[in-house]
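Below is a short report on selected helices and one residue. Look at the sequence and structure before reading on.

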Amino acid sequence: MKKLIYNNIKILRENNGEMSQQKLAEAIGVTRQTIIAIEKNKYSPSLEVAFKIALEFDVPLDEVFVYK
Amino acid sequence: MNLSYKEKTLIASIITTIIFFGSYLYIGFKNLTNWSTKFGELFALVILFIVFEIIIQSALKLGDKLSIEDERDKLIELTSYKYSYWTLTAAIWFVIFQLLLNTPFSKFFNTPQGLFYSLVLFVILAELISFISQLYLSLKGK
């Protein structure tokens, strides 16, 4: 079975004071559409953006992205 | 629908390309028989198109506080160039085979005016394919 990259961004946003997709996008310097695509597992971001997301939520990378 | 700055500029580019070059090609193909060198006209049209695009994109930028292009936009752009290249290659091969096989179409490409407007059409078509595929991939959430 093919492995995919899943993410917990939606949960992390909700746990961080209901942070909006727009606010997260602005914080890491991408568009809101990119955040939507990542959340829906339709786009795998670069390592740089992945680390920026993890830093924004102050969690390790493997808490944001899961490869299974 | 909440469109990004990039998606808005793509829609604007599709519309302006169709209006500017569509009308140019329509008039060109309609008057194929009384043709003279149209280089000046085409050059003026391209300049006018670029100026118009700059004005529209600047206006969109003013109205959008988050007018950025990110890594996903760049990736989508690269994918769209591939489709654009395929379109242009297919069109060139189409003309080559028409001329080689001497089909009824080949008479059309044998005239300078026919070949000129066809090549302009193929370039514009490739450009439109690039814009449309970018918009599609962006909305699809690639």
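A residue is buried if 20 or more other C-beta atoms lie within 10 Å of its own, exposed if 12 or fewer, and partly exposed in between, with C-beta atoms placed from the backbone. B:Ser58 has 11 C-beta neighbours inside 10 Å, so B:Ser58 counts as exposed. B:Ser58 sits in helix H2 of chain B. Its C-alpha atom is 9.7 Å from that of B:Thr9, 49 residues apart along the chain.

This is a predicted model: local features need pLDDT of at least 70, side-chain atom pairs count only at pLDDT 80 or more, and totals for chains, interfaces and linings use all residues. Residues are numbered from 1 along each chain as its sequence is written, while chains are lettered from A and ligands numbered from 1 in the order in which they are written.

B:Thr9 is one of the buried residues of H1(B), and B:Leu10 and B:Phe21 are also among them. These buried residues pack against three helices of chain B (contact: C-beta atoms, placed from the backbone, within 7 Å). Helices are DSSP runs (H or I, at least four residues), numbered from the N terminus.

| Helix of chain B packed against by H1(B) | Residues |
|---|---|
| H2 | 39-63 |
| H3 | 71-101 |
| H5 | 112-140 |

H1(B) covers residues 5-30. Its 26 residues should span 38 Å at 1.5 Å a residue, and the end C-alpha atoms lie 37 Å apart, which agrees. The expected span is 1.5 Å times one less than the number of residues. H1(B) has a kink of about 25°, centred on B:Gly22. The bend is the angle between axes fitted to the seven residues ending there and the seven starting there.

Technical notes
Helix = DSSP H or I, 4+ residues; strand = E, 2+ residues; numbered from the N terminus. Contact = placed C-beta atoms within 7 Å.
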